[in-house]
Amino acid sequence: MADVSNELIFEVLKQVQQRLDKVDELKSEMNAMRGYLISMQQDVQNVYGILDRYDGRLEHIERRLELNDSPTMSA
């Protein structure tokens, strides 16, 4: 069986620590991406809300002007 020295254990532990640092860095980047995606989703929802209000206003204007797409029964 190979002799395990303190230096060998220390080197392995340093490698493990470096890998854990990379995992922490990736975790931070993923959290930043999550925040970015959440803000994009909120922006899209805001745009949909604005479009919905404009759609309602347009329908109101069409009703007031008596404009509609249905055929009229004029003789």
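**Close-up views**

**View 1. Asp55 sits in helix H1.** The model is predicted: local features need pLDDT of at least 70, side-chain atom pairs count only at pLDDT 80 or more, and totals for chains, interfaces and linings use all residues. Residues are numbered from 1 along each chain as its sequence is written, while side-chain values use heavy atoms and leave out hydrogens and water. Asp55 has 38% relative accessibility and so counts as partly exposed (buried is under 20% relative accessible area, exposed over 50%, partly exposed in between, with a 1.4 Å probe and protein chains only). Together with Asp52, Glu59, Glu62 and Asp69, Asp55 belongs to a surface patch of negative charge. Such a patch takes residues with over 30% relative accessible area and no salt bridge, joining like charges within 9 Å and nonpolar side chains (Val, Leu, Ile, Met, Phe, Trp, Tyr) within 5 Å. Asp and Glu count as negative, Lys and Arg as positive, and His and the chain ends are not counted; the charge is placed at CG of Asp, CD of Glu, NZ of Lys or CZ of Arg.

**View 2. The protein chain holds one helix and zero strands.** Helices (H or I, at least four residues) and strands (E, at least two) are DSSP runs, numbered from the N terminus. H1 has 59 residues, which at 1.5 Å a residue should span 87 Å; its end C-alpha atoms are 87 Å apart, so the two values agree. The expected span is 1.5 Å times one less than the number of residues. Of the 75 residues in the chain, 0% are buried.

**View 3. A nonpolar patch on the surface includes Ile9.** Its other members are Val4, Leu8, Val12, Leu13, Val16 and Leu20, and the patch has about 610 Å² of accessible area together (Shrake-Rupley method, 1.4 Å probe; for residues, only the protein chains shown count as cover). Ile9 lies in helix H1, residues 6-64, and is partly exposed at a relative accessible area of 41%. The chain exposes about 7800 Å², with 58% supplied by carbon and sulfur atoms.

**View 4. Lys14 and Glu11 form a salt bridge.** Their closest N and O atoms are 3.3 Å apart; the term needs a side-chain nitrogen of Lys or Arg within 4 Å of a carboxyl oxygen of Asp or Glu. Side chains of opposite charge can pair when their charged atoms come close. Both residues are in helix H1, three residues apart, about one turn of the helix. Lys14 is partly exposed at 37%, as is Glu11 at 38%. The whole structure has one salt bridge.

**View 5. Glu66 comes just after H1.** Its phi is near 55°, a positive value in a residue other than glycine. Glu66 is exposed, with a relative accessible area of 70%.
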